Amino acid sequence: MVKRWVMVCDKFDRRRQLSGDQKSRNYSFLAPPKFCQNSNSDPFQLRSSAVQISVVMRPLEFLCLGILWILAALQQVKSHGSHPFSKIAIHKSTFALNENAGVKASPSVLGLKGENTEWVTLKYSSPNPSSDDWIGVFSPANFSSSSCPMDNPRVYPPLLCSAPIKFLYANYTNPKYKTTGRGLLKLQLINQRSDFSFALFSGGLAKPKVVAISNRVTFANPDAPLYPRLAQGKDWNEMTVTWTSGYGIDEAEPLVEWSQNGKDLMRSPAGTLTFDRNSMCGAPARTVGWRDPGFIHTSFLKELWPNNEYTYKLGHRLTNGSYIWSSTYKFRAPPYPGQNSLQRVVIFGDMGKDEADGSNEFNDFQHGSLNTTRTLIQDLKNIDIVFHIGDICYANGYLSQWDQFTAQIGPIASTVPYMIASGNHERDWPGSGSFYETMDSGGECGVVAQNMFYVPAENREKFWYVSDYGMFRFCVANTELDWREGTEQYKFIEHCLASVDRQKQPWLIFLAHRVLGYSSCTFYAEQGSSSEPMGRESLQSLWQKYKVDLAIYGHVHSYERTCPIYQNICTNDEKHYYKGALNGTIHVVAGGGGASLSPFITLQTKWSIYRDYDYGFVKLTAFDHSNLLFEYKKSSDGRVYDSFRLSRDYRDILACAVDSCPSTTLAS
């Protein structure tokens, strides 16, 4: 058995150049079930009779065996944190449909009024109830298929085509279930271009038995255009709109209808992308975690007037000439670069997703995610742009989670630009060119994130880019690809920092997922460091030379702020009100978006000004070219728990600090 390590910061990965001793994460990704690896090993005692069974069994039995096949695969999936499914003893599973047990889901048709999210009521019964009984949610409903591709030719139908989405214990809201044998649950479903079914299990997690399967539930139009995600384009006066639908380009033409204050309606076409199972780098994304992503459309709304409000809706023109339209949304166009106006930016990392119905799911460790989302929605009128700097939804190869994440952030991403950066849980996979040779992406190797969200990068596979927003210049790096001196990314970073006009855009911000600056996280301390190996060594000279104000990271799931610092030395003794030149860069860890928290070392370093072991996010407010407000807010209540102000003039940026100006002599 592979040795498991408990990593206090959710991070253990080391570059292969540093060490050949690759530690195993505290979960392992899916390997083929044992009976797939060895035809002589068969926990279900199916062996050579598998083909015969698949031929003669009734459709319902066929479906149930598919469930067992899914769970057999899940036995080997251990998630980040404590994975609920890892506790299921699948090798003891049995198929035990009971005609006196049942599951009824209602309503069977959702979204009759155009809703994209609905609650389903489950009524279920068992003649032999137990406190260990549980309900599993599956989509597509018919998740067994004789044509589902598999990596192992020795495995015969029924084959697994999709993974369960989540589960709840039968007594979750039914304390008398064990006595009455009857229960009722309410589960939240989103439109995901397919139908759903629900299975009742008895025997607990140790000896699970499939007892009953529900009727199918579907949305009225599963192909509808859904979950718009705004992002800044490559030009300052351009907004991009990305969304997901079930319509391919052979079925319908995608477009966005938009206008300024409802006048002069315009229509802009959209490009369409998708990807298939073969685009994934490994399991589970390529196997049980695979789910058809549908079609991803992006439209470019150009020549916007700065700060003006626009309305828009997503559309598809069908081959018969009729149109399918989404709801109507609003956004405000970005300010002109250098424009002197109130500008408010929210930054965080590692948010993930969570379930409003309280159910367990894959990667069930992001319990701060809903609080962060709700707090941002409540304050959305005071937010202009959002940066989610890596570890987006922690799908980890279970692609259904991406739809659920885009639904969760829908009210935010449909209203303000939602800019993302690449993290280890989006990109890393052995042999895929990632800087770290870990399996953190679950086989996605960046493909899903690069398609689901638009970023204004020259090459979206590289995922580094410049984002200008009014008085801000953001240089967004990709820590999952090599950033060291001499690399292509290093040259990009220097060009981004060097090319900004600080008279027009005084606030220069460096964003990245992994901590390349400073952190008091326990894991880094155990490595004898306070950041990723070689992080500062390669980049601190650039931050100092170009007078970067803030460097903000995720990856460590907590909050921390340093003093203005250069080469481990604080360059300014102030803590809450900085006047004039900083003479260094303030480093901030803002990875408390929602995933399980990361503890700090007990030693209080001189450079660490404020730490918070809690969920939260950072907000920057530029009042003008001379005054910036930094705030750290907790997700639980939206209140400010740490802050500072920065006031300076343009001449303070021009002034020389240590290593920020070229050496000169009187003779030169």
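Helices and strands here are DSSP runs, helices (H or I) of at least four residues and strands (E) of at least two, numbered from the N terminus. With that in hand, go to the loop between β22 (385-389) and α6 (400-408) and pick G397. Keep in mind as you click around that this is a predicted model.

**Stop 1: G397 and helix α6**

G397 is buried, at a relative accessible area of 0%. Show what surrounds this glycine, skipping residues up to four places away in sequence, and you'll get P284, A285, G289, W290, S441, G442 and E444 as its contacts. Now add R291 and draw a C-alpha to C-alpha distance from G397: the two are 106 residues apart in sequence, yet the line reads 9.6 Å.

Slide along to α6. How many of the nine residues of α6 are buried? Nine of the nine, so the helix is largely enclosed by the rest of the structure. If you want the selection spelled out, the buried set is S400, Q401, W402, D403, Q404, F405, T406, A407 and Q408.

**Stop 2: zoom out and colour by confidence**

Pull back to the whole protein, which has 13 helices and 35 strands. Of its 668 residues, 61% count as buried. Take the contacts with a separation of 6 or more: residues 24 or more positions apart account for 72% of them.

Colour by pLDDT next. The average is 84, and 81% of the residues score at least 70. Two stretches to pick out are residues 67-92 and residues 151-160. Over 67-92, pLDDT stays under 50, and the model has 99 contacts beyond four places in sequence for that stretch. Over 151-160, pLDDT also stays under 50, with 30 such contacts in the model.

**Stop 3: helices α10 and α12**

Select residues 488-498 for α10 and 535-545 for α12; they pack at an angle of about 10°, with their axes 10 Å apart. Angles under 35 degrees count as roughly parallel, and α10 and α12 are therefore roughly parallel to each other. The crossing of this pair is right-handed. For sticks, show Y490, I493, E494 and L497 on α10, then S538, L539, S541, L542, W543 and K545 on α12, the residues that make the contact. By type, that contact divides into six nonpolar, two polar and two charged residues.

An α-helix has 3.6 residues a turn, so residues three or four places apart point the same way. Look at the α10 side of the contact with that in mind: Y490, I493, E494 and L497.

Stay on α12 and switch on a surface. This helix is mostly covered, with eight of its 11 residues buried. Those eight are G535, R536, S538, L539, Q540, L542, W543 and Q544. What do the buried residues of α12 pack against? Along with α10, light up the strands β26 (507-512), β27 (550-553), β28 (559-566) and β31 (585-590). Before you leave, step just past the end of α12 to K547, which takes a positive phi of about 55°.

**Stop 4: L550**

From there, hop to L550 in strand β27. Is L550 buried or exposed? Its relative accessibility is 2%, so L550 counts as buried. Leaving out neighbours within four places in sequence, its contacts are L508, I509, F510, T585, I586, V588, L620, F630 and F644. Take T585 for another distance line: L550 and T585 are 35 residues apart in sequence and 5.6 Å apart in space, C-alpha to C-alpha.

**Stop 5: backbone oddments**

Now for some torsions. Select S106 and P107: the peptide bond between them is cis, with omega near -5°. P107 sits in the loop between β2 (102-106) and β3 (109-110). Another cis peptide bond joins S139 and P140, with omega about 0°. Find P140 in the loop between β5 (134-138) and β6 (144-145).

Finish with a pair of aspartates. D264 has a positive phi of about 50° although it is not a glycine. Look for D264 in strand β16 (residues 263-273), where this aspartate is exposed, with a relative accessible area of 67%. D659, also not a glycine, has a positive phi of about 65°. Follow the chain into the segment after α13 (650-654) to reach D659. At 47% relative accessibility, D659 counts as partly exposed.

Definitions and conventions: Residues are numbered from 1 along each chain as its sequence is written. This is a predicted model: local features need pLDDT of at least 70, side-chain atom pairs count only at pLDDT 80 or more; totals for chains, interfaces and linings use all residues. Side-chain values use heavy atoms; hydrogens and water are left out. Axes are lines fitted to C-alpha atoms, for helices over the stretch in contact, and angles run from 0 to 180 degrees between N-to-C directions. Angles under 35 degrees count as roughly parallel, over 145 as roughly antiparallel, 65 to 115 as roughly perpendicular and the rest as oblique. A crossing is left-handed if the near helix is turned anticlockwise from the far one by less than a right angle, and right-handed if clockwise. Contact means heavy atoms within 4.5 Å. Ala, Val, Leu, Ile, Met, Phe, Trp, Tyr, Cys and Pro count as nonpolar, Asp, Glu, Lys and Arg as charged, and the others, Gly among them, as polar. Buried means under 20% relative accessible area, exposed over 50%, partly exposed in between (1.4 Å probe, protein chains only). pLDDT is the predictor's confidence in each residue, from 0 to 100.
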